[in-house]
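Visitor: Could you take me through one part of this structure, step by step, and show how each conclusion is reached?

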Amino acid sequence: MHPVPRVPPFDRPATYADLEALPPHVVGEIVDGELHASPRPASPHTYTFGRLGARLVPAFDEGRGGPGGWVILQEPELHLSTQIVVPDLAGWRRARMPVVPDVAWFVLPPDWICEILSPSTASFDRAKKLRVYAADGVGHAWLIDSRLCTLEVLRLEGRHWAIVETHVGNEVVRVEPFEQMPLELSALWLPEEPERTPA
C-alpha cells in the first residue's frame, strides 16, 4: 500500500498546480483553499464502488433494463465555485447534460453524488464535501459505509441536507433519486471469508 504524503501547510491558498504535483496513487481535492490528499481505498470500499456502478449505470445511464435518463460517472473531478472535489460517483439528469463534454473536469454541478466512506475520509466527506455540494445545489446525496453496511439517503432542502432514510444490512430498497428500481444492498457488501474448519 502506498503511503499518503503529508500535505505541508501553505501560507497561501492551494492551487491546481499543488493538486497536479501529488503522486498518482492519491486523490487530491481543494476545499476552502486547503489541499486534501486521500489514499486509494481498501477492498470493502472498492468492492462497493464497483458493484453500485454496475447496477446503476446499465439501468439509469444506458437505459438497459431501466428507465435511463441519467449520465453517471465514476470519480469525476468537479470544479464547483472555488472548490475542487472528487465524489466516488456522480449523476446528471440528461435534461441538464444531454452529452458528456470532452473535458478534464466538470463545472456543471451534478444532480446526485455518492460518497463511499472510508475511515480516513469519512469526516471530510461528511463535513466539508457535503457543504460544498449543498452550496452548489446538488439535490441528492448517498453516503455509504461499506464496513458498517449502511446507506444514508440525503436530500437538499433549501441550503441544508435532510436525511430521508437510512438502511442497514441486506435490505432491498427503493431510494431516491433512483427509486424506479429496487437495489439489493447485500450485493454491495464485501462477502465475509468463510470460516475454515480445522484439519
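Guide: What follows is a set of questions and answers about a predicted model.

Visitor: What distance separates the end C-alpha atoms of helix H3, residues 122-135?
Guide: Helix H3 has 14 residues, and at 1.5 Å a residue the expected span is 20 Å. The distance in the model agrees with that expectation, since the end C-alpha atoms of H3 are separated by 19 Å.

Visitor: At which residue does H3 bend?
Guide: The buried residues of H3 are Phe-124, Asp-125, Lys-129, Leu-130, Val-132, Tyr-133 and Ala-134. One of these buried residues is also the site of a bend of about 35 degrees in H3, namely Lys-129.

Visitor: How many of the residues of strand E8, residues 140-145, are buried?
Guide: In a regular strand the side chains alternate between the two faces of the sheet. In E8, His-140, Trp-142 and Ile-144 point one way, while Ala-141, Leu-143 and Asp-145 point the other way, and all of them are buried. Strand E8 is accordingly described as mostly covered, and the count of buried residues is 6 of 6.

Visitor: Which handedness does the β-α-β unit made by E7, H3 and E8 have?
Guide: Strand E7, residues 112-117, runs parallel to E8 and is joined to it by 6 bridges, with Cys-114 standing opposite Trp-142. Together with H3, these two strands make a β-α-β unit that is right-handed.

Visitor: Which residue of E9 stands opposite Trp-142?
Guide: Strand E9, residues 150-157, pairs with E8 in the antiparallel sense over 6 bridges. The two strands form a hairpin with 4 residues between them, and Cys-149 in the turn has a positive phi of about 55 degrees. Within this pairing, the residue of E9 that stands opposite Trp-142 is Val-153.

Visitor: Is Arg-155 buried, partly exposed or exposed, and what is its relative accessible area?
Guide: Arg-155 is found in strand E9, and its C-alpha atom is separated by 8.5 Å from that of Glu-176, although the two residues are 21 apart along the chain. Buried means under 20% and exposed over 50%, and Arg-155 falls in between, so it is partly exposed, with a relative accessible area of 29%.

Visitor: Which residues lie nearest the centre of the largest pocket?
Guide: About 370 Å³ of space lies in the largest pocket, and E7 and H3 are among the elements that give two or more residues to its lining, as are strand E1, strand E2 and helix H2. The lining comprises 25 residues, and those nearest the centre are Pro-39, Pro-41, His-45, Ser-118 and Thr-121.

Note on methods
Residues are numbered from 1 along each chain as its sequence is written. This is a predicted model: local features need pLDDT of at least 70, side-chain atom pairs count only at pLDDT 80 or more; totals for chains, interfaces and linings use all residues. Side-chain values use heavy atoms; hydrogens and water are left out. The expected span of a helix is 1.5 Å times one less than its number of residues. The bend at a residue is the angle between axes fitted to the seven residues ending there and the seven starting there. Buried means under 20% relative accessible area, exposed over 50%, partly exposed in between (1.4 Å probe, protein chains only). Two strands pair if DSSP finds at least two bridges between them. A crossover is right-handed if, with the strands pointing away from the viewer, the path from the first strand over the helix to the second runs clockwise. On a 1 Å grid over the protein atoms alone, a cavity is a set of points where a 1.4 Å probe fits but cannot get out, and a pocket is an open set with protein on both sides within 12 Å along at least five of seven lines; lining residues have an atom within 4 Å of a point. Grid points are joined across faces, edges and corners, and a volume is the space filled by probe spheres set on the points.
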